[in-house]
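Trainee: I keep reading labels on protein models and I'd like to know where they come from. Could we go through one together?

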Amino acid sequence: MGVKEGGNVGGSSVSRFVSVVVPLLLLAGLAAVPFVGTGPNVIRLLFMTLTLVTASVGWNLIGGFAGQISFGFAVFYGLGAYTTALSINGGIPPFSAFLLGAIVAAVASLLIGLPTFRLKGPYFAIATIGVSEAVRVVMMNVPFTGGASGYRIIDKARFVQSHHYYTALVLAVLAVVISILVRRSKLGLALIAIREDQDAASDLGVNPFVAKLIVHALAAALAAAAGGVYARYSLFIDPDGVFAFRNGIAILLMPIIGGIGTIWGPVIGAFVYGIIHEEVVANFPQAHLLIFGSLLILIILFEPGGVVGLFQKFMRTVRARSSVGSHS
Amino acid sequence: MAPILKLKNLTRYFAGLAAVKDVSFEIEPGGLVGLIGPNGAGKTTLLSLIAGSLKPTSGKIEFEGVNLAGAKSFRAVRAGIARTHQIPKPFRTMTVHENVEVGLRFGRHEKAAGTTKKAEEFLEMVGIAKLARRPAFLLSVGDLKRLELARALAARPTLLLCDEICSGLTETESGLILRLLCDIRRAGTTILYVEHNLRAIMSVCDPVIVMNYGEKLAEGPPTAVQNDPSVIEAYIGKKATI
């Protein structure tokens, strides 16, 4: 894999501008969207994209920072959606319902992590595939959530699209802030060490098992919150929708498109995916998975650093050119 | 003085092969103990057992009076045992400074070790302070070996396990590392130094332990060990009789 966050040599004023000013401008732009009269369809698309940002940033904590590739994040997304749905119907206020969803998913992540994090290499990834399918099948047959026919949410609050939009925006910002804090923390240092060489990390006092469990729980909680926000918006969920294996693939694909293991890669990847995905599905309903599969192969072959990696390469070339120019 | 490390009948099998068999010895605190033997003698396996990277099949590892046999390596580190690797295992995308920071923040507790040295100081000690901001994957083999040492030292061990830290280095570079090991020992850290190269070890270590085919062959001061017929046989072979 290419150079990642923390592998940068020094930090120039340009990259500081990019990493502080651009996100703030983007945030201001997103916050202004409901006021500029873009219409409900654009807001819906951005709402969906923002929930994807949260799930993608969450996945990146365990998949990108700690290098533990999980195909099973649909489990947490779905658990968040269902817990939120059941809670709201049970009279619990929405924000407490999201929190409950996050807690349920975090507990589930521990149950999955306890046996699977003892495995090394690709075994964790393989185990997550099995868990994801198993949970979907179980949810198809659970009677009190309606099984395969799905579950309807009765939200007492009047539907105001912008409220949902801002909820998703705040959650996405929270996810990015958590990601930045984790990366800068002692835990973040342990995670990168585990990704680079788990045995060497342990030989320096890092407990890899515990570090992975903690960050897996955090990642699951974020994915679940995203699922919860989505459930409350859509008012109807079913196992084939929220627990679908393709959701797990999408959550993994976004950080890879944007730049796995970086702070902004999963955000960029979610925007690219969220916006392109709809167009692709609408125009090539039979071939959209083929298109995304091909995209994945191309990225892994030619730019494992994703969009962020491409940008870093571009900046290095510009800097090299300008320093050559100043010498001549 | 009570020994800092006491191995009792330590054994490790890989499938049917005994890589380490019934090895027992003691190390006094403050020593610089050499562990030598031909290729495949079981030196690195023994070191990995002490460091907790491998689990022993049977036997005891008593460190400062506590049995560490079977404990994971991060527990051994927190108890005060740190190791370097024969083939460097750097965190490649981290900077050199961050690599040392891992040892510093996860190693033995500052209070227990009684030192508040910073990452820069450990880099300074091994002579790679000027590379602090560089990502580790850009380092040469020699510098990676130094980084291994700086990182292990940053974990503030009372017992440092060095695995062939001089292999692949030039004469001058290994001379510097050997001098550094002597300084570290003088500062109070006990060292168990595994080496393939006899000359390096004979010049700085006392006592020396010799292994062959997984078993302890001899133990004693370097000169005595050097003249031990079984050691000569292990290294050179038997005198041919016609």
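Mentor: Sure, and we start with a cut-off: a residue is buried if 20 or more other C-beta atoms lie within 10 Å of its own, exposed if 12 or fewer, and partly exposed in between. Keep in mind that this is a predicted model.

Trainee: So what makes α3(A) largely enclosed by the rest of the structure?

Mentor: Just count: 15 of the 17 residues of α3(A) are buried, so the rest of the structure largely encloses this helix.

Trainee: How do you know how far α3(A) should reach from end to end?

Mentor: The expected span is 1.5 Å times one less than the number of residues. For α3(A), residues 73-89, that gives 24 Å, and the reach from first C-alpha to last is 24 Å, close to what is expected. Just after α3(A) comes G91(A), with a positive phi of about 90 degrees.

Trainee: What does α3(A) pack against, and at what angle?

Mentor: α3(A) packs with α5(A), residues 123-140, at about 30 degrees, and the axes are 8 Å apart. From α3(A) the contact takes A74(A), V75(A) and G78(A), while α5(A) brings V131(A), S132(A), V135(A) and M139(A). By class, that contact has 5 nonpolar, 2 polar and no charged residues.

Trainee: Which residues of α6(A) are called buried?

Mentor: Among them are H164(A), Y165(A), A168(A), L171(A), A172(A), A175(A) and R183(A). Their cover includes α1, α2, α7 and α9 of chain A. As for span, α6(A) runs over residues 161-184 and reaches 35 Å, close to the expected 34 Å.

Trainee: And what makes α9(A) mostly covered?

Mentor: The same kind of count: 23 of the 27 residues of α9(A) are buried. α9(A) reaches 39 Å from its first C-alpha to its last, close to the expected 39 Å. After α9(A) comes L235(A), with a positive phi near 65 degrees.

Trainee: How many residues of chain A are in contact with chain B?

Mentor: 22 residues of chain A are in contact with 26 residues of chain B. Contact here needs C-beta atoms within 7 Å. On the chain A side, α7(A) and α8(A) each supply at least two residues, and α7(A) gives the most, with 6. By class, that side has 10 nonpolar, 6 polar and 6 charged residues.

Trainee: How do you know how confident the predictor is about chain B?

Mentor: Look at the pLDDT: the mean for chain B is 91, and 99% of its residues reach 70 or more. The model as such scores ipTM 0.91 and pTM 0.90.

Trainee: Chain B has helix pairs too, I guess. Why is the crossing of α3(B) and α6(B) called right-handed or left-handed?

Mentor: A crossing counts as right-handed if the near helix is turned clockwise from the far one by less than a right angle, and left-handed if anticlockwise. The crossing of α3(B) and α6(B) is right-handed. α3(B), residues 96-106, and α6(B), residues 141-154, pack at about 30 degrees with axes 6 Å apart. The contact includes V96(B), N99(B) and G103(B) of α3(B), along with L147(B), A150(B) and R151(B) of α6(B). Its residues divide into 8 nonpolar, 2 polar and 1 charged.

Trainee: What makes D22(B) worth a look?

Mentor: Most residues other than glycine have a negative phi. D22(B) is not a glycine, yet its phi is positive, about 50 degrees. D22(B) lies in strand β2 of chain B, residues 17-27. E64(B), also not a glycine, has a positive phi of about 50 degrees, and lies in the loop between β4 and β5 of chain B.

Trainee: Why are D22(B) and E64(B) called partly exposed?

Mentor: D22(B) has 15 other C-beta atoms within 10 Å, so D22(B) falls between the two cut-offs. E64(B) has 16 such neighbours, so E64(B) counts as partly exposed as well. G70(B) has 13, and is therefore partly exposed too.

Trainee: Where is G70(B)?

Mentor: In the loop between β5 and α2 of chain B. Leaving aside neighbours within four places in sequence, G70(B) is in contact with K55(B) and P56(B).

Trainee: Last one: why is the bond from D206(B) to P207(B) called cis or trans?

Mentor: Its omega is near 0 degrees, and the bond is cis. P207(B) sits in the loop between α8 and β9 of chain B. Most peptide bonds are trans.

Technical notes:
Residues numbered from 1 in each chain as written. Chains lettered and ligands numbered in written order. Predicted model: local features only at pLDDT ≥ 70, side-chain atom pairs only at ≥ 80, totals over all residues. Helix = DSSP H or I, 4+ residues; strand = E, 2+ residues; numbered from the N terminus. Contact = placed C-beta atoms within 7 Å. Nonpolar A, V, L, I, M, F, W, Y, C, P; charged D, E, K, R; others polar. pLDDT = per-residue confidence, 0-100. Axes fitted to C-alpha atoms, helices over the stretch in contact; angles between N-to-C directions.
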